[in-house]
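Trainee: Got a few minutes to go through some side-chain contacts with me? I'd like to reason each one out.

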Amino acid sequence: MKAVFDKEIKIEKYLRHYKWLVPLVTLLAAGLLYTGIYWCVAGFRAGYYFTVIPAGILAHAFMIITVHDGAHKALTRTAADRLIMNLGASLILIPFYAEPFRKYHLTHHANTNTAVDPLWPEFKREMYKRRRWLYLICECIPILFTMVLVLSGKQKQNARVVLKQPKVKAKYMIAAILFSLALIVWVKPPALFVVGLLFILNLTGALRHWCEHMGIERNKESNTFWFPLGMGIGNHEAHHLYPHFSWLTMMIGLFSRKRDTNPVKALRALLVDCDFVHYEKTALSAPLLTKPPADKKNIFPGT
């Protein structure tokens, strides 16, 4: 498998030769995306209410390169990435999101498509199988499934092995909440714009997940796909093998990859194809991981 992604390995090695390159490009890209969101706010205030749609897509891209890559310690490769991750979420006015996201997303990478994968827990799996329409409605409610995971506490655990999960640190969440409050007081974004942005952001994230880990194939872990302003996240098979590689590496590498799907194909299959399911490991009763596998040493950075 590693030989298949030689190009990404070479790109990442080249980029990391210049320690400042990935953080600098990320800062510039994040700045451009956030400026776009600010323009959308201005358009919304002027009566162009449709601007909330591009704002949500821009926010999704912003979250990929700050929150997602920060959670993987894929930006500076230092503890500063955790600060970047929480700052990114607070700038989108969801300061309580980054720390739980880091916990459950890294657990997802260590237990992808197994019975304890937090992105596809048992209650969501059963809802999808029995009442797909209800699942779709729930996916439209921002952070609903994330909140269920947080409030439900520890996941079911294998009788033989305890599931290892990164810790949520309250100090980061408190700092992020204070920053978001200060931003609200300073910018005073329209409340309807914020609600609409979160709604579009949530739908965009759900659609991306359907592209990532769902299909009609069997014995597959993830897809390689096209996504608007995906910032390299569509290079998902490579990402699961090398989660500590930067979004920039994945975006460049994606140009030479064959795509399995796209949002239109995934949504159509979700609505009309009963064989369109979430990928699952063939042996769901396998022991849970207590540490990252040998080829995923950086899944739990800093823990």
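Mentor: Sure, and let's settle one term before we start: a residue is buried when its relative accessible area is under 20%, exposed when that area is over 50%, and partly exposed in between. Keep in mind that this is a predicted model.

Trainee: Okay, is E12 buried or exposed?
Mentor: The relative accessibility of E12 is 3%. The cut-off for the lowest class is under 20%. So E12 counts as buried.

Trainee: How far apart are the closest N and O atoms of R16 and E12?
Mentor: These two residues sit in helix α1, which covers residues 6-17. They are four residues apart, so about one helical turn separates them. Their side chains form a salt bridge, and the closest N and O atoms are apart by 2.7 Å.

Trainee: Which residue joins E12 and R16 in one salt-bridge network?
Mentor: R16 and E12 already form a salt bridge with each other. Salt bridges that share partners extend this into one network, and the residue that joins E12 and R16 there is R77.

Trainee: How many residues apart in sequence are E99 and R82?
Mentor: Their side chains meet in a salt bridge, 2.6 Å from N to O, and both E99 and R82 are buried. E99 belongs to helix α5 (residues 98-110) and R82 to helix α4 (residues 80-91), so the pair ties together parts whose separation in sequence is 17 residues.

Trainee: What about R125 and E280: which of the two counts as partly exposed?
Mentor: They form a salt bridge with the closest N and O atoms 3.5 Å apart. This pair links distant parts of the chain, 155 residues apart, with R125 in helix α6 (residues 122-130) and E280 in the segment after β2 (277-278). R125 has 9% relative accessibility, so R125 counts as buried. At 28%, the partly exposed one is E280.

Trainee: And how many salt bridges does the count come to?
Mentor: The pairs we went through include R16 with E12 and E99 with R82. By the salt-bridge rule, the count comes to eight.

Trainee: Now the rings: what kind of aromatic pair do F44 and Y49 form?
Mentor: F44 is buried at 10% relative accessible area, whereas Y49 is exposed at 54%. Their ring centres are 5.0 Å apart, with 70° between the planes. An angle over 60 degrees puts a pair in one class, so this one is edge-to-face.

Trainee: Which residues form one aromatic cluster?
Mentor: A search of the whole structure finds 13 aromatic pairs. The cluster consists of W120, Y128, Y135 and W210.

Terms used:
Residues are numbered from 1 along each chain as its sequence is written. This is a predicted model: local features need pLDDT of at least 70, side-chain atom pairs count only at pLDDT 80 or more; totals for chains, interfaces and linings use all residues. Side-chain values use heavy atoms; hydrogens and water are left out. Rings of Phe, Tyr and Trp (its six-membered ring) pair if their centres lie within 6.5 Å; planes under 30 degrees apart count as stacked, over 60 as edge-to-face and the rest as tilted. Buried means under 20% relative accessible area, exposed over 50%, partly exposed in between (1.4 Å probe, protein chains only). A salt bridge is a side-chain nitrogen of Lys or Arg within 4 Å of a carboxyl oxygen of Asp or Glu.
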